[in-house]
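Visitor: I am new to this structure, and I would like to understand how some of its labels are justified. Could you show it to me, please?

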Amino acid sequence: MSTQPLPTSIRALLQADPNSHKITLVQREVPTPDASKNEHLIRVHAASPCAGELNWAKFVNIPGKEIITCDDVAGVVVSAPSDSPFQPGSEVYARTNYWRPGCARDYTIATTDELALRAKNLSWAESAATPLSAETAWQAFFTHAEIGEFGSSAWKGKRILVTAAAGGAGVWLVQIGKLLGAEVIGTAGPKNTEYLKGLGAAEVLDYHTVDFKAWGSEEKNKVDLVIDCIGGKSLEDAWWTLKDNGTIIGIVQPPIQRKPEGLELPNVTDKYFIMTPNGTDLEEVTKLIEAGKVWPVVDSIWSLEQFEHGYARLESGHARGKVIFDLTLNVPK
């Protein structure tokens, strides 16, 4: 049960029209959790939007769902099912399911299987920067690339290409790939070269100037695994870098849709996936964060009232890491 009084109304970021990117700051009632569905009420400290999320609603019709943005959340449990490991007062983070309204509001809903205790050495903003991107990277490696459990030596010395390596998911793919013992090559603009090498990238390719067909034609450059975080031309170019029997994974677009005409690669595996919110995966990442082996990257922090600036930064395509809304900023006393 709740141990603190709840407000009569809360702030929320609403996308009223699924065909428009216009967002408004509105007042809404506090959501009511359903304990029979393992729902928790969370007091939101920080939330994070995802690139492209304002396009999703026009493709996915969810009757009766109001489109509150941002599905990444960090906050404190206010009420919980009696058998939940996340009782009131627990500091948690999660990627919540898109089928429910999002977390850009002062209170939100998260389920037991989505939640994890947040890493003790993170700020609230860093906590909100973690779930989607880290879980995406974790699932790309351990579910879809099928490289075995973390700590396995199966990928030591193998080569991995990560596109948009300075982006939200990219920074996690670089860091975890390095921990696997792989040689990680990232694509990015020249301003991010040294930054990505500091995260563990062995090489950074300037996507403005590198001819991937020519680069990938040299046997020494070919990679065992491509994880593409952009789609489009980036995904198409990345095909040229693959070894025979390699794997290419897309998180934005199915790789087969962008396979170059005339390219013959025997036994290549291509996969596309959308991450599944999973608190167990997030717990594994939390262990690495608390051990100081990986770290979230925050591009910028905005109050909820500054949402227009935050989304402009996100949609510019130049954010390094995650854009964060700090809901504790500019809150009337």
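Visitor: Why is α3 called roughly perpendicular to α8?

Guide: In this predicted model, where local features need pLDDT of at least 70, side-chain atom pairs count only at pLDDT 80 or more, and totals for chains, interfaces and linings use all residues, α3 and helix α8 (residues 279-290) pack at an angle of about 100°, their axes lying 9 Å apart. Angles of 65 to 115 degrees count as roughly perpendicular, so α3 is roughly perpendicular to α8. The contact (heavy atoms within 4.5 Å) involves Pro131, Ala134, Glu135, Trp138 and Gln139 of α3, together with Asp281, Leu282, Glu284, Val285 and Leu288 of α8.

Visitor: How do you know that Glu135 has no salt bridge?

Guide: A salt bridge needs a side-chain nitrogen of Lys or Arg within 4 Å of a carboxyl oxygen of Asp or Glu, whereas the nearest side chain of opposite charge to Glu135, that of Arg95, is 7.2 Å away. Residues are numbered from 1 along each chain as its sequence is written, and side-chain values use heavy atoms, with hydrogens and water left out.

Visitor: What makes Cys70 buried, and Asn38 partly exposed?

Guide: Buried means under 20% relative accessible area, exposed over 50%, and partly exposed in between, with a 1.4 Å probe and protein chains only. Cys70, in the loop between α1 (53-56) and β4 (72-79), has 1% and is therefore buried, while Asn38, in the loop between β2 (24-28) and β3 (39-48), has 36% and so counts as partly exposed.

Terms used. Lys, Arg positive; Asp, Glu negative; His and termini not counted. Helix = DSSP H or I, 4+ residues; strand = E, 2+ residues; numbered from the N terminus. Axes fitted to C-alpha atoms, helices over the stretch in contact; angles between N-to-C directions. Parallel < 35°, antiparallel > 145°, perpendicular 65-115°, else oblique.
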